[in-house]
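Thanks for making time this morning. I would like to walk you through one model, and I will give the cut-offs as we go along.

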Amino acid sequence: DQHFGFVSVLNSDLSTSGAASDNEIGSEMTRFGVGNRRGHGYGGSKVGFVFYNQDGLDWTQLNPVDYDAMSEDAQAIFDRYGTTYRFGQLTEAGLQVQLSPTFALNAGAEGAVIFPRTVFWPWLGSALIYSGVQGALETFSDSIVESSPTAGPVIAWLLKSGVSAGYYYLLRDDMAWPFGYETPVTVSSFKIGANFTF
């Protein structure tokens, strides 16, 4: 159970696939936020493995790459967001390899949603539904791990990851699901990193 803050820069020059293809829009992002990572795993005296799920709230500045070459529809998206930081949320599921009490390597799949505007009450209602389901799964997951320490961490991770992925895909079409608001910008990514715990 970890609480953390983060700052990140997503730059198109770092892309392994090169420039955006015909059906993609090139962009760069700067973001900061806070989050919570929870998981279960397997540990020994030196190395441990944790299957984790994390959720976070963030603020993202979205910048276009080669704005003038974009279609009018793509330009309209960036015009809607402007250059200010926009509120959003993210979910991630992954594996963490704990090499010491303070250092770990991790790999995960992340889904981030960037809202063009914040409609507080519908967003809060949507977030409470998701948090309630995840909270119930967390209690259920603890009982699974206690009853089956061998298979429990993986089963709990699959259940929570499924709920996170489902919620992310629902938000892709409706930024305040199930309350029927506009379509936000979403970012799917695969991450490899290192964590230092203080």
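I will begin with how the values were obtained, then turn to the sheet, and end with one helix.

This is a predicted model, in which local features need pLDDT of at least 70 and side-chain atom pairs count only at pLDDT 80 or more, while totals for chains, interfaces and linings use all residues. Residues are numbered from 1 along each chain as its sequence is written, and side-chain values use heavy atoms, with hydrogens and water left out.

Helices (H or I, at least four residues) and strands (E, at least two) are DSSP runs, numbered from the N terminus. Six strands form an open sheet in the order β1-β2-β3-β4-β5-β6, with antiparallel pairing, where two strands pair if DSSP finds at least two bridges between them. The edge strands, each pairing on one side only, are β1 (2-10) and β6. Between β3 and β4 there are 13 bridges in the antiparallel sense, and Asp55 stands opposite Thr91 in β4.

Now to helix α3, residues 152-173: its 22 residues should span 32 Å at 1.5 Å a residue, taken over one less than the number of residues, and the end C-alpha atoms lie 33 Å apart, which agrees. Its buried residues (under 20% relative accessible area, 1.4 Å probe, protein chains only; exposed is over 50%, partly exposed in between) include Ala156, Ser164, Tyr167 and Leu171. On the other side of α3, Leu158 and Asp173 are exposed.

Finally, Gln89 is found in strand β4 and counts as buried because its relative accessibility is 8%. Among the residues that Gln89 touches (heavy atoms within 4.5 Å) are Tyr167 and Leu171.

Note on methods
Lists of a residue's contacts leave out its neighbours within four places in sequence.
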